[in-house]
Amino acid sequence: MTGTMIDVISERIGAPADGVRLFVGLILSQIFAFVHHFLLSKLTNVFVKRVLHVIIGSAIGFLVWGVFCSHHLASGLAFYLIFSVMNWNIATKVNFIFQMGYLLVGYYSNNMSSDYAINWTTSQAILSLKMIGLGFDLNEKKDSKCPSILSIIGYTFFVGNYLVGPLDDFNRFELFMENKLFPEGQHPGLGMGFKRLSHGIFYMIISLVTSSILRSDYLFKEEYANLPFVLRLLYVTVLGHCGLYKYLGVWCIAESACMYMGYTYNGEKKWDGLRNVATMSFHKSTRLQHVIDTWNINTSNWCSRHIFKKCKFLGNKYLSMIITMVFLALWHGIHIGYMICFLQEFFYIFMEKGFSKNSVLISIGKILPQPVRKIIGWAYTKIYLSFALVGFELYHIEPIRHVYSSIYYICPIAALFLILSNIVFAEKTPTKED
């Protein structure tokens, strides 16, 4: 009956059924968080709270993913077993291999015959980082004990972020379960949560509207090929940027549920400790580095801590960056498009880091008024970001190559010239004699 209703809604609004099912799951999480705000916030029995989240979270998971939510249970049980029977140095490595391997096998079994689909691996991706991060944290705290199996499963199915995040750490979860996350007497109002929810609904509506107007299959039509170069570039740019709105939508909605419960406490009264996107700063970005700093913030922080910094022994930050980008590409999926996207990200960030010492660019910047510089930077960011995101939209090498050739590989070619310019026109660092 539920499946039939979702299919009808899906057909009416022109959205995939799996997407509608995920949205229903997010709304149910909202309802639970709302109830928690009024009725469960004072519950002091930690055992009951954990059991409640396991029951409600797994029930929502069953509605959204069906029996495949058992994969998430398997990951939590595997973590507990690994850290219960192994030396923790070994367990940390085994857990990393298992969690990433489980995710990649899930990608292979679900997505190799088709393009991206919303399925149980959507939640598994978040869960894999939670379990890997917990493993690293336990190993670094040598005097800590392995959490109970109920704690691990509760962390797995925590209602606030089980489906799509926001990514958190186990310490926050435990403090929340024990009513120690925020001081007694402080409790989040609903205002911030409703505001974040309204942002999420707004972005979901924009995503639905733009996806019905801007379609990736248009990129392969003769009509697109006959457009002037500037219009082809504009279409790719707008298509790539609008494709991000669906992520903005679900992240804001999920974050609002955590706000209702007070799970986003950050030591201040803003209650935005798990903010995944700084929306206004993201939209106003004038550098690609600004995008990285304001987009998928929790995942970026996780990768910085657990991947990039752990590669410090290599002695080369650029090599550490490449390894981090490769990890992120694999974490997103096994299609070549993800790897193309993230390796371009490294290439363009490497280019940007030389801008501040490029004497020609510095001279041009001094001539141009600040509003003009901001407009140029904003346009540059949108074009380069959307160019890289072609891999997220098309996944496979041939369609990606077709789109890139239609706009003459403008971004990587221009980036190569800019990198050479950074080298040739680099300002000399004054020596001690100078």
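Select Cys 258 and display its sulfur, which is 12 Å from the closest cysteine sulfur, in Cys 252, too far for a bond. Cys 258 is also buried, with a relative accessible area of 0%, where buried means under 20% relative accessible area, exposed over 50% and partly exposed in between, with a 1.4 Å probe and protein chains only. This is a predicted model, in which local features need pLDDT of at least 70 and side-chain atom pairs count only at pLDDT 80 or more, while totals for chains, interfaces and linings use all residues. Residues are numbered from 1 along each chain as its sequence is written, and side-chain values use heavy atoms, with hydrogens and water left out.

A search of the whole structure for disulfides (a pair of cysteine sulfur atoms within 2.5 Å) finds 0. Select Cys 69 next: this residue is in no disulfide, and the nearest cysteine sulfur, that of Cys 258, is 19 Å away. Cys 69 counts as buried, at 10% relative accessibility.

Now move to Leu 163 and Trp 331, which touch the most other members among the 113 residues of the largest nonpolar core; such a core is a set of buried Ala, Val, Leu, Ile, Met, Phe, Trp, Tyr and Cys residues joined through side-chain atoms within 4.5 Å. Helix 12, residues 245-261, contributes the largest share of this core, 11 residues; helices here are DSSP runs (H or I, at least four residues), numbered from the N terminus. With Trp 331 still selected, show its contacts (heavy atoms within 4.5 Å): leaving aside residues up to four places away in sequence, they include Met 100, Leu 103, Tyr 107 and Thr 299.

From the core, go to helix 9 (residues 191-213), where Ile 205 is found. Ile 205 counts as partly exposed, at 48% relative accessibility. Draw a line between the C-alpha atoms of Ile 205 and Gly 249, which are 8.5 Å apart in space and 44 residues apart in sequence.

Finish at the surface with helix 18 (359-367) and helix 21 (410-424), each of which supplies at least two residues of a nonpolar patch. The patch is about 1,000 Å² and includes Val 360, Tyr 409, Phe 417 and Phe 425; its members have over 30% relative accessible area and no salt bridge (a side-chain nitrogen of Lys or Arg within 4 Å of a carboxyl oxygen of Asp or Glu), and their nonpolar side chains are joined within 5 Å. Helix 21 gives the most to the patch, with 6 residues. Within helix 21, select Val 424, which is exposed, with a relative accessible area of 61%.

Note on methods:
Patches are made of residues with over 30% relative accessible area and no salt bridge: like charges are joined within 9 Å, nonpolar side chains (Val, Leu, Ile, Met, Phe, Trp, Tyr) within 5 Å. Accessible areas come from the Shrake-Rupley method with a 1.4 Å probe; for residues, only the protein chains shown count as cover.
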